[in-house]
Number of protein chains: 2
Amino acid sequence: MDYFREPIKTMKGYVPGFQPQGSGWTKLNTNENPYPPSPQVLEAIERTARDRLAIYPDPVANAFREAAGERFGVPAEWVVAFNGSDEALAVLTRCCLGEDDLLVVPFPSYTLYHTLAEIQGCRFEERPFTEDWKLPAGFTTGAKLAFVPNPNAPSGTCLTPKELLTVADQAPCPFVVDEAYGDFADASCIGKIAECERLVVTRTLSKSYSLAGLRFGFAIAQPVVANTLLKVKDSYNCDALSIAAATAAIKDVAYFETYRDRVLATRTRLQRGLDELGFSTIPSNTNFVWAQRDGSVKPIFDALLERKILVRYMAFPGYGEGLRVSVGRDDQIDHLLEELRRIV
Amino acid sequence: MDYFREPIKTMKGYVPGFQPQGSGWTKLNTNENPYPPSPQVLEAIERTARDRLAIYPDPVANAFREAAGERFGVPAEWVVAFNGSDEALAVLTRCCLGEDDLLVVPFPSYTLYHTLAEIQGCRFEERPFTEDWKLPAGFTTGAKLAFVPNPNAPSGTCLTPKELLTVADQAPCPFVVDEAYGDFADASCIGKIAECERLVVTRTLSKSYSLAGLRFGFAIAQPVVANTLLKVKDSYNCDALSIAAATAAIKDVAYFETYRDRVLATRTRLQRGLDELGFSTIPSNTNFVWAQRDGSVKPIFDALLERKILVRYMAFPGYGEGLRVSVGRDDQIDHLLEELRRIV
């Protein structure tokens with residue numbers, strides 16, 4: 001029986017990183033934060049659970065918009081809350097991409113973009129990064145939407161806000177800078193949004209705020225884009241608990257900075273350790289390190305898996321394969337490096 | 001600048017019922033449950049908040065699928081968890097409706113369906129209920145997807161599972177029975193899914209489980225449909241707190257039945273009271289009552305609003321206008337009826 005649209009029938013679907021349900025794993029495969037969220041977050045959740053579960057949440061999460069606007073120096077109305085930044089990306093594709101339209105993304109980057117294009121049934125082009133991880137000339141030509149992760153995954157590299165603004169200014173379409181890892185980098189494009197109506201920045205609380213379990217992300221853009229996202233998202237896309245928790249998280253700047261700095265310190269240690277073991281790494285602007293090596297790293301991945309250490313194995317045609325290792329706690333990274341010493 | 005797809009530019013967006021942020025309101029406008037959720041739900045949320053926020057949730061919410069499968073007598077793999085049943089409906093439109101395809105729904109019914117069709121940019125037809133609230137002949141002709149709310153909103157009327165199975169069997173497409181209010185009715189189509197591959201039932205925990213603030217719904221269908229929904233939904237569409245809370249809620253059958261029965265008892269009282277005041281009502285299978293009257297009810301709505309009593313005013317061309325009144329607690333209904341006595 002012919003129930004579904006053609007592109008839906010043929011697509012495979014995005015496969016998220018393996019989530020072991022048992023215990024005893026050293027989990028360094030999905031870029032989660034190894035530290036717990038702020039105690040303010042727990043308090044907000046408990047308070048909201050007691051008082052506010054039976055009624056619908058605020059459809060536009062105004063409490064969060066105001067807190068985020070203040071934190072990032074933009075008007076609250078420029079902020080749109082989402083059920084994870086993946087939802088922000090999906091809603092952007094639904095706003096911009098009809099069946100003949102083109103989505104462009106750099107290569108290699110976040111593989112979900114391809115899945116979102118398949119669901120829309122639109123055209124999709126991966127335009128390869130240059131050798132020094134810059135966007136190629138004519139990156140947005142012919143596009144109706146462009147996604148650029150910055151910092152990029154899996155490379156961990158970063159373009160400057162100035163470089164991205166130049167590309168956004170020339171784009172014929174909304175230009176989305178996916179800053180899922182932005183809190184671990186030195187610079188953000190949020191400060192450039194006032195200069196460019198096409199520029200959209202998406203963010204998540206999953207990684208830098210230790211809230212992967214909560215599903216909360218947001219987009220920042222000028223009203224012409226922000227108001228359209230509001231129209232197309234599900235009317236109650238964020239639940240009352242996540243709105244309260246995300247608002248508390250983003251207000252607790254001291255907690256955020258303390259644990260972000262810990263991750264950055266451990267990242268240096270991880271990168272140095274991998275280099276010493278003969279991996280080739282690129283300086284990371286994220287909470288993971290991309291490690292390549294002469295010859296296949298798949299046997300190393302398998303050997304780690306046997307020892308219940310989970311990292312992410314990824315292969316990108318033309319760019320080779322590598323291990324994407326999340327920055328865990330110091331003791332987890334020590335354990336990884338110790339086992340790697342036995343393996344390589 | 002021409003940023004968005006044509007249908008997105010022209011659409012208005014769904015307007016959810018008014019959510020007052022202050023206090024002192026008698027809120028009978030969005031069919032929330034006036035009772036708190038099960039204590040098991042609160043316990044599950046607090047436990048999960050302490051242990052599980054920093055890591056990604058189970059992408060397919062297996063704990064919930066198993067509990068729901070057991071509760072409804074279907075295999076766990078037939079259950080797909082969503083961020084509210086609105087997300088289930090949106091994902092169904094993304095699976096089935098390309099730009100030339102047709103969505104059919106009865107009229108009058110849930111106005112969100114039209115918004116979802118606009119977002120897809122597909123064709124949309126409302127095919128009016130017959131005078132006795134049955135589906136018209138040829139209801140699904142030419143359709144790629146059909147939505148039928150059962151019980152219906154705003155009428156509160158119900159078709160039998162047998163009637164719906166007959167229509168589903170003849171449908172050229174997935175036939176979605178939206179049972180958002182199913183827990184307040186006598187019969188459900190879930191028991192018919194084994195007989196019809198096209199039949200999809202969607203449910204929400206917002207109303208009957210007092211969890212509107214949580215955003216949790218689900219769809220039940222045979223694997224050919226269920227697996228496609230899994231491919232198209234966001235990979236982590238449900239957060240860890242809502243999965244744990246929904247699982248606890250659906251397992252606490254005794255609590256559910258106690259408070260469902262209270263709502264049903266108050267519904268009788270509300271309906272009788274409205275009838276005595278000269279409204280014309282239809283026996284309701286939901287947690288609201290649809291009340292019409294000779295002449296406009298808009299002045300009555302306005303007078304209630306002035307007294308901080310919120311009900312929903314709705315007008316459907318050809319079917320007239322009415323007040324949709326949610327079943328609150330007995331004291332809230334008494335207060336409403338008392339004020340109505342002064343107004344009408």
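Two residues are said to be in contact when heavy atoms of each lie within 4.5 Å. With this definition in hand, the reader may begin at one residue of this predicted model, namely A:T140. By that criterion, and leaving aside residues up to four places away in sequence, A:T140 touches A:V104, A:R127, A:A146, A:V167, A:Q170, A:A171, A:P172 and A:F175. The residue itself belongs to a loop of chain A, the one that joins β4 (123–128) to β5 (145–149). Is A:T140 buried or exposed? With a relative accessible area of 6%, A:T140 is buried, because a value under 20% is counted as buried.

The strands on either side of this loop lead to the sheet of chain A. Seven strands form this open sheet, and their order is β2-β8-β7-β6-β5-β3-β4. The pairing within the sheet is mixed. At the edges stand β2 (79–82) and β4, each of which has a single partner strand, so one side of each is left without a neighbour in the sheet. On average, and with direction ignored, neighbouring strands are turned by 20° against each other.

One pairing in the sheet can be followed in detail. Strand β3 of chain A, which covers residues 102–107, pairs with β5(A) in the parallel sense over two bridges. Opposite A:L103 stands A:L145, which is in β5(A). A helix also belongs to this picture: α3 of chain A, residues 62–72, lies across β2, β7 (199–204) and β8 (217–220) of the chain. Helix α3 runs at about 125° to β2(A).

The cysteines are the next topic. A disulfide is a covalent bond between the sulfur atoms of two cysteines. How many disulfides are there over all chains? The count comes to zero, where the cut-off for a pair of cysteine sulfur atoms is 2.5 Å. For A:C158, the nearest cysteine sulfur is that of A:C189, 8.5 Å away. A:C158 is partly exposed, at 28% relative accessibility. For B:C173, the nearest cysteine sulfur belongs to B:C96 and is 7.5 Å away. B:C173 is buried, with a relative accessible area of 1%.

A last stop is B:G295, in the loop of chain B between β10 (288–292) and α10 (298–306). B:G295 has a relative accessible area of 54% and is therefore exposed, since exposed means over 50%. Along the chain, B:G295 and B:E321 are 26 residues apart, and their C-alpha atoms are separated by 9.0 Å.

Methods
Residues are numbered from 1 along each chain as its sequence is written. Chains are lettered from A and ligands numbered from 1 in the order in which they are written. This is a predicted model: local features need pLDDT of at least 70, side-chain atom pairs count only at pLDDT 80 or more; totals for chains, interfaces and linings use all residues. Side-chain values use heavy atoms; hydrogens and water are left out. Buried means under 20% relative accessible area, exposed over 50%, partly exposed in between (1.4 Å probe, protein chains only). Helices (H or I, at least four residues) and strands (E, at least two) are DSSP runs, numbered from the N terminus. Two strands pair if DSSP finds at least two bridges between them. Axes are lines fitted to C-alpha atoms, for helices over the stretch in contact, and angles run from 0 to 180 degrees between N-to-C directions.
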